[in-house]
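Visitor: I would like to take a close look at one part of this model, and then see how the surrounding architecture is laid out. Please take me through it in one connected account.

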Amino acid sequence: MTSSDLTVIVLAAGGGTRMKSKTMKVLHRIGGRSMIGHVLTAVQATSPTRIVAVIGTQREQVGPHVLSHAPDAVLAVQETQDGTGHAVRVAIESLDAVPTGTVVVVTGDTPLLRGESLQAFAASHASSGAAVSILTGTVAKPFGYGRIVRNASGGVDAIVEEKDCTEAQREIAEINSGILAFDAAFLVGALGRLTNDNANGEYYLTDTVKIARGDGLEVAAHQVDDVRETEGANDRAQLAELGRILNQRIVTGWMKEGVTVMDPATTWIEADVVLERDVTILPGTQLLGATLVREDAVIGPDTTLEDCEIGAGARVVRTHGQLAVIGMEANVGPFSYLRPGTVLGAAGKIGAFVETKNAQIGNRSKVPHLSYVGDAEIGEDTNIGAGTIFANYDGVNKHRTVVGSRARTGSNNTFVAPVTIGDDAMTGGGTTVRKDVPSGALAVSAGPQRNLENWKARKQS
C-alpha cells in the first residue's frame with residue numbers, strides 16, 4: 001500500500017543544453033511520448049493525492065504539455081535553476097497547504113521508470129518509518145555515480161559522490177538514482193536547513209540525507225529491479241539508447257501477451273499501441289500513436305501505421321497509413337498510402353500503388369491498383385478500375401465523388417468531382433466522368449476508335 005496522502009514532485013525546469021536543441025529536454029520523444037509524458041504515466045500509477053511539476057526553461061511549452069498528461073497537476077515555476085533542493089522548495093511553496101504524509105521526488109527525464117516500480121518505492125517508504133528513502137540500483141560499473149553507504153542494520157549512512165569516495169567506497173555497486181521519498185514534515189523542515197556552500201553554489205536535495213542522519217533519523221534504501229528505469233538522457237545518443245531499451249521492453253511485453261513478432265530487432269511499437277492476441281507483425285514494421293490491431297491480423301513487412309485501426313483478420317503489406325480504419329478480413333498493399341480519413345470496409349481491398357484520402361470504401365469493394373481516391377464515398381461490392389483518378393480539387397475547393405454499390409468502373413477513368421455514379425452503373429475504359437451517371441447506366445466519353453492503315457510504312461517513307 002502506498003501512503004494515503006502522497007505528493008509527487010516532478011523536476012522539469014532544466015534546459016538540457018547538451019541536447020543542443022530548440023526543444024526542451026523533457027519534451028523530446030521516445031516510444032510515442034515525451035520523456036516527461038512517460039514519467040507522468042508512471043507517477044499516475046501511484047494514485048497520488050497531488051502532482052507538482054517544477055518548470056522553468058521554456059515553461060510556456062512544458063507547462064501545457066504537463067497539463068495535457070496530468071490535468072490536475074500544480075505547476076511551480078523555478079525562476080532560476082539553483083539546484084534540486086531549491087526546486088523542491090519552490091514546489092512545496094506552490095501548494096495551498098503544507099503537504100503531509102509522503103513526498104516522492106522524481107526527475108522528468110527518466111522515461112523508462114515504471115509505474116509499478118514507483119508504486120513499490122512509495123509503499124516501501126511509507127512502511128519503513130524512515131525520514132528519507134532513496135531509490136537505488138546496482139550497476140556493474142558504478143563510476144561517476146553517488147554510492148550508497150549502508151550501516152550494519154541495513155540503513156543508509158550516506159550518499160558519497162564519486163570524487164569523495166575512498167578506495168573501499170569506490171567498490172560499492174549500489175548507486176543513487178536521484179529519486180527520493182520523504183516524510184513530508186521532515187522534508188519541509190530540512191529544506192530550510194539546506195545551504196549552497198559548494199562549488200556550484202546550489203542547494204542539493206541529497207543533503208537531506210546528511211541532515212536526517214545528523215538528527216538521528218532513519219534513512220532507508222529501496223533497490224529497483226532494473227536500474228535502467230532510473231537512467232536519464234542528457235544528449236541525443238543517450239535518448240536513442242533509452243528508446244531502444246523502451247522498444248525492446250514493449251515488443252517483449254506484447255510477445256508475452258500472445259502477439260507474434262517475427263523480427264523484434266526491426267519492429268517498433270510505441271507505448272500507446274494496443275494489440276490483440278494472435279496478431280502477427282512481420283519485419284520492418286512500425287506501429288505508432290494510438291494504433292489498434294485486432295486478432296489474427298497480419299501487419300508488414302515494411303509497414304508504418306500511425307493512429308490506425310486494423311480489423312480482425314486483415315492483412316496490411318508494405319503500406320504507410322495514418323488515421324485510417326481497415327475493416328476485418330480486408331487487404332491493403334503492397335505499396336499503398338492511406339492518408340487521414342480512409343475507411344475500408346470488411347473484406348475490402350486497397351491494392352498496389354493506391355493512395356486514399358478522406359475516402360469511405362464499403363464492404364467487399366476494391367480499389368485494386370494504380371489509383372488515387374480522394375474525398376470519396378464508395379458503396380459495397382464495387383470495383384474501381386486500374387489507373388482511376390478521383391479529381392477532387394477544382395483549383396479553389398475540394399469536392400466529393402460518390403460511387404454506389406455494385407458499380408464497375410473501367411480502367412484509366414477520371415471522375416471530376418462533384419459527381420455521383422449510381423448503384424449497378426458502369427463506366428468504359430478511358431472515360432472522363434463530368435456529370436452524374438444514373439443507376440444501371442453505362443457511361444463512356446471516348447470517341448469511336450480509328451485505325452490508320454499502313455501507318456508505319458508511311459512514316460518510314
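Visitor: Is Cys308 buried or exposed, and what is its relative accessible area?

Guide: The model is a predicted one, and everything that follows should be read with that in mind. Cys308 has a relative accessible area of 3%, and because the threshold for calling a residue buried is under 20%, Cys308 counts as buried. Cys165 is likewise classed as buried, at 7% relative accessibility. As for the covalent state of the cysteines, a disulfide is a covalent bond between the sulfur atoms of two cysteines, and a search of the whole structure finds 0 disulfides.

To place these residues, it helps to turn to the overall division of the chain. There is a domain 1, spanning 6–230, and a domain 2, spanning 236–443. Their contact draws 16 residues from domain 1 and 11 residues from domain 2. The C-alpha centres of domain 1 and domain 2 are separated by 46 Å, and the area buried between the two is about 1,300 Å², with carbon and sulfur atoms giving 61% of it. Between domain 1 and domain 2 the count is 1 salt bridge. A salt bridge joins Arg33 and Asp272, whose closest N and O atoms lie 2.6 Å from one another.

Next come the elements themselves, beginning with strand E7, which covers residues 132–138. Of its 7 residues, 6 are buried, so strand E7 is largely enclosed by the rest of the structure. Strand E7 has pairing partners that run in opposite senses: with strand E10 (residues 174–183) the pairing is antiparallel and extends over 6 bridges, whereas with strand E11 (residues 219–223) the strands run parallel and are joined by 5 bridges. Thr136 can be followed across both pairings, since Thr136 stands opposite Asn176 in E10 and also opposite Gln223 in E11.

A helix offers another view of burial. In helix H2, made up of residues 59–69, the buried positions are Val62, Gly63, His65 and Val66. The buried residues of H2 pack against several elements, namely strand E1 (6–12), strand E3 (33–34), helix H1 (35–44), strand E4 (50–55) and strand E5 (74–77).

Further along the chain, an open sheet is formed by 3 strands in the order E33-E36-E38, with parallel pairing. Strand E33 (408–409) and strand E38 (442–443) are the edge strands of this sheet, each pairing on one side only. Strand E33 meets strand E36 (residues 426–427) in the parallel sense over 2 bridges, and within this pairing Thr409 stands opposite Thr427 in E36.

The loop that lies between E33 and strand E34 (414–416) contains Ser411. With a relative accessible area of 37%, Ser411 is partly exposed. Once its neighbours within four places in sequence are left aside, Ser411 is in contact with Gly385, Ala386, Gly429 and Gly430. As a gauge of extent, Ser411 and Gly192 are 219 residues apart in sequence, and their C-alpha atoms are 79 Å apart in space.

To return to the starting point, Cys308 is a buried residue at 3% relative accessible area, in a model where the search for disulfides finds 0.

How values were computed: Residues numbered from 1 in each chain as written. Predicted model: local features only at pLDDT ≥ 70, side-chain atom pairs only at ≥ 80, totals over all residues. Heavy atoms only, no water. Disulfide = S-S within 2.5 Å. Buried < 20%, exposed > 50% of the residue type's maximum accessible area, 1.4 Å probe, protein only. Pairing = 2+ DSSP bridges. Helix = DSSP H or I, 4+ residues; strand = E, 2+ residues; numbered from the N terminus. Domains from an automatic or database assignment. Contact = heavy atoms within 4.5 Å. Buried area = accessible area lost by both parts, 1.4 Å probe. Salt bridge = Lys/Arg side-chain N within 4 Å of Asp/Glu carboxyl O.
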